[in-house]
Amino acid sequence: MVVIQTMQVRIYKPAKNVMQSGRGNSKHWLLKFEQTSAREVEPLMGWTSSSDTRSQVNLWFETAEEAVAYAEKHGYMYYVDQPKQRKIKPKAYADNFATNRLLRWTH
């Protein structure tokens, strides 16, 4: 008996890097394979390893539709995580010195 295992993939738009102010790598969509085998601790060095090499593969696409088409073409089960919208609060440098502040401003 042959068991055909379909790979499951996640399609999402990654968040920006928290260490930088730019939004690099957050404009494209990422197709990432889910892990199918458990991780194991290597007894000699204590490193964590897995026999699943597809979990290391990241495929980048311009749009979510391209990523979905790729997943459907190859027969992968997929789910799409929609990105959360950013809430931008308008700020001005002059607000630091406003006279109608609720709390005292100290250094």
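A salt bridge, a helix and a pocket

The count of salt bridges comes to 1. The model is a predicted one, and this pair is a convenient place to enter it. The partners are Arg10 and Asp81, whose closest N and O atoms are 2.8 Å apart. Arg10 belongs to strand S1 and Asp81 to strand S6, so the bridge ties together parts that are 71 residues apart in sequence. Arg10 has a relative accessible area of 28% and is partly exposed. Asp81 is also at 28% relative accessibility, and it too counts as partly exposed; for both residues the value falls between the 20% under which a residue is buried and the 50% over which it is exposed.

The next element to look at is helix H1, which runs over residues 64-73. Its buried residues are Ala64, Ala67, Val68 and Ala71. Viewed down the helix axis, the buried residues of H1 fall within an arc of 100 degrees, so they line one face of the helix. The spacing has a general background: an α-helix has 3.6 residues a turn, so residues three or four places apart point the same way.

What lies over that face? The cover of the buried residues of H1 includes strand S1 (8-12), strand S2 (29-33), strand S5 (58-61) and strand S6 (77-81). Strands S1 and S6, which hold Arg10 and Asp81 of the salt bridge, are thus met again here, among the elements that cover the helix. On the face of H1 turned away from the buried side sit the exposed residues Glu65 and Lys73. Just after the helix, Gly75 adopts a positive phi of about 75 degrees.

Beyond strand S6 the chain leads to Pro83, which lies in the segment after that strand. Pro83 is partly exposed, with a relative accessible area of 31%. Its C-alpha atom is separated by 10 Å from that of Ile11, although the two residues are 72 residues apart along the chain. With neighbours within four places in sequence left aside, Pro83 is in contact with Lys13 and Trp29.

Pro83 also leads to the largest pocket, since this residue is among those nearest the pocket's centre, together with Pro14, Ala15, Lys84 and Arg86. The pocket has a volume of about 510 Å³, and 15 residues line it. Sorted by class, the lining has 8 charged, 4 nonpolar and 3 polar residues.

Note on methods: Residues numbered from 1 in each chain as written. Predicted model: local features only at pLDDT ≥ 70, side-chain atom pairs only at ≥ 80, totals over all residues. Heavy atoms only, no water. Buried < 20%, exposed > 50% of the residue type's maximum accessible area, 1.4 Å probe, protein only. Helix = DSSP H or I, 4+ residues; strand = E, 2+ residues; numbered from the N terminus. Arc of directions from axis to C-beta. Contact = heavy atoms within 4.5 Å. Salt bridge = Lys/Arg side-chain N within 4 Å of Asp/Glu carboxyl O. 1 Å grid on protein atoms, 1.4 Å probe; cavity = no way out; pocket = protein on both sides within 12 Å on 5 of 7 lines; lining within 4 Å. Points joined across faces, edges and corners; volume = space filled by probe spheres on them. Nonpolar A, V, L, I, M, F, W, Y, C, P; charged D, E, K, R; others polar.
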